[in-house]
Structures are given as C-alpha cells and as structure tokens.
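Colleague: Before I use these assignments, I should like to hear the reasoning behind them. May we go through the terms one by one?

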Amino acid sequence: MPNVHTPMKVDLRRNLHRFAMEALENGGWQVANTVGGGRTHVRRITKNGESKLAAIRTSQDTWIAFMRNKDNTKWTTLSDVDVVVVASVDRHPDPEFALIHMIDANDMRDRFERAYSARRDAGHSLPEGRGIWVSLYRRENTDPVSLVGAGAGIAHPPIVRVPLDSRGTGGTETQRDEEPLNIAEAKTRLARTLGVDPANIRITVEA
C-alpha cells in the first residue's frame, strides 16, 4: 500500500510482513534472503528439497500492486518469482484478521496481464513506474475495468488467519512474545530478522 506514513500504518505493515514469514516457517518452509540481498521483498523458500523464489507482499486495503519494468517488457519482481506470498487485512477499514495467501506466480502474472491490458485498452493513463493495483477479495469483472484480474484471494484461500487487535497486532503472537524463549525459538526469530537460514545462527549463553 503506497504512502504509509502514520506510526499505526507502519506498525501494521511490519506486522503483516512478520505474519507472512511466520506462516511460511510454521508451514515447514526454510526462508532465506536471495543471493546478493538486493530485493528486500524476495525470499528463497525451501521445503522437502523443493526450492522457490517468493515475492512477499503486504496489503492494508485488500489491493496489491506490481509495476512494469522500464522497458515495459515484464513485471518488476513478479516476472522473476515462483510464488507470491500475500499478507493482507481481511477488510478495510477496521480489519479483524490478517490473511496469509500463497498464490502461484503464473496465476498472479495472468491476472496482472489481464488488468494491464484492460486498462490500457480502456484508455487509462499508465505512467511508467506506477504500480497496477488489483483487488484480492472482489470478484473479477469487466465493469468497472479496475476489477479485471481481481479475486486472487478468493481463488487461493488463506493458509493462515491471524486475529488483529486495534493496533494491527496479532493477539496470539503478542502473547507468545511475552513468554520465555528457548534457543530454537530465539534462533528462528533472529534468522527471520536477519534474513538468513536458522542453521546459520549460533547463540552463546554466559551466566
């Protein structure tokens, strides 16, 4: 979501990203930064020998965006990944839940291609560097044209639902944070923060 300025919105965006990371890890995926670490919203996820590039997206208004590249030949980030992991509020305003989706990138690319073509054909202004926004939870329709490509969150139901309090913080995770950590949990949280594999974390405890 663009133009996130208020502390509450910044916190919500941070929490949505955290919920996405936790959903992957709790689902058995190992999550690591990509080589070079240049793309902060792309992760390498691995499970049972299967490795994928995942684009991590958050939404505070139930719409998500991707941009075309400068040559207008493909989608920035979206064209290079295997899966899109979206952490969105369930409704806007006054959300009750964060919903985490894993969406095949081919399906998402098809949706954005349809959205882009429909808006171009309808004469909409499509400035370079500005994202195309697609609704997650409204059903796809040709009228209005902004709904072409919509509905990915319907076609791909959430894999995790996290209750939100009035600050956009997941109640379950907040309670968990107040409990003592064991070494494995501490390594997992550090790895998530640093974007590395938990196996690469070493913790030394001195009395």
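The exchange below sets computed values against the criteria behind each term.

Modeller: Please bear in mind that this is a predicted model.

Colleague: Let us begin with the sheet. What makes β1 and β8 the edge strands?

Modeller: Six strands form an open sheet in the order β1-β2-β3-β5-β6-β8, with mixed pairing. Strands β1 (30-33) and β8 each pair on one side only, and they are therefore the edges. Neighbouring strands of this sheet are turned by 30 degrees against each other on average, direction ignored.

Colleague: How do you know that β1 and strand β2 pair?

Modeller: Pairing requires at least two bridges between two strands. Strand β1 and strand β2 (residues 42-47) are joined by four bridges in the antiparallel sense, so they count as paired. Within this pair, V31 stands opposite I45 in β2.

Colleague: And what makes β6 a partner of both β5 and β8?

Modeller: The same criterion of at least two bridges applies. Strand β5 (residues 83-89) and strand β6 (residues 97-104) share seven antiparallel bridges, while β6 and strand β8 (residues 160-163) run antiparallel with four bridges. Both counts satisfy the criterion, so β6 pairs with β5 and with β8. A87 stands opposite I100 in β6, and the bridge partner of A98 in β8 is V162.

Colleague: Which helices lie against this sheet?

Modeller: Helix α1 (residues 7-26) lies across β1, β2, β3 (50-59), β5, β6 and β8, running at about 155 degrees to β3. Helix α2 packs on the sheet as well, touching β5 and β6, and its direction makes about 95 degrees with that of β6.

Colleague: Why is E113 called partly exposed?

Modeller: The term covers values between 20% and 50% relative accessible area. E113 has 35% relative accessibility, so it counts as partly exposed. This residue is found in helix α2 (residues 105-121). Leaving aside residues up to four places away in sequence, E113 touches R68 and W75.

Colleague: What makes the contact of R14 with D11 a salt bridge?

Modeller: A side-chain nitrogen of Lys or Arg must lie within 4 Å of a carboxyl oxygen of Asp or Glu. For R14 and D11 the N to O distance is 2.8 Å, so the criterion is met. The two are three residues apart in helix α1, and are therefore separated by about one helical turn. The structure holds nine salt bridges.

Colleague: Does the same reasoning hold elsewhere, and what are the distances for E22 with R18 and for K74 with D80?

Modeller: The closest N and O atoms are 3.4 Å apart for E22 and R18, and 3.1 Å apart for K74 and D80. Each value lies within 4 Å, so each pair forms a salt bridge.

Colleague: Are E22 and R18 buried or exposed?

Modeller: Buried means under 20% relative accessible area. E22 has 8% and is therefore buried; R18, at 18%, also counts as buried. By contrast, K74 at 34% is partly exposed, as is D80 at 32%.

Colleague: Finally, what makes I183 eligible for a nonpolar surface patch?

Modeller: Patch residues need over 30% relative accessible area and no salt bridge. I183 has 44% relative accessibility, so it passes the area cut-off. I183, I203 and V205 form the patch, with about 260 Å² of accessible area together. I183 has its place in helix α5 (residues 183-194).

Notes. Residues are numbered from 1 along each chain as its sequence is written. This is a predicted model: local features need pLDDT of at least 70, side-chain atom pairs count only at pLDDT 80 or more; totals for chains, interfaces and linings use all residues. Side-chain values use heavy atoms; hydrogens and water are left out. Buried means under 20% relative accessible area, exposed over 50%, partly exposed in between (1.4 Å probe, protein chains only). Contact means heavy atoms within 4.5 Å. Axes are lines fitted to C-alpha atoms, for helices over the stretch in contact, and angles run from 0 to 180 degrees between N-to-C directions. Patches are made of residues with over 30% relative accessible area and no salt bridge: like charges are joined within 9 Å, nonpolar side chains (Val, Leu, Ile, Met, Phe, Trp, Tyr) within 5 Å. Accessible areas come from the Shrake-Rupley method with a 1.4 Å probe; for residues, only the protein chains shown count as cover.
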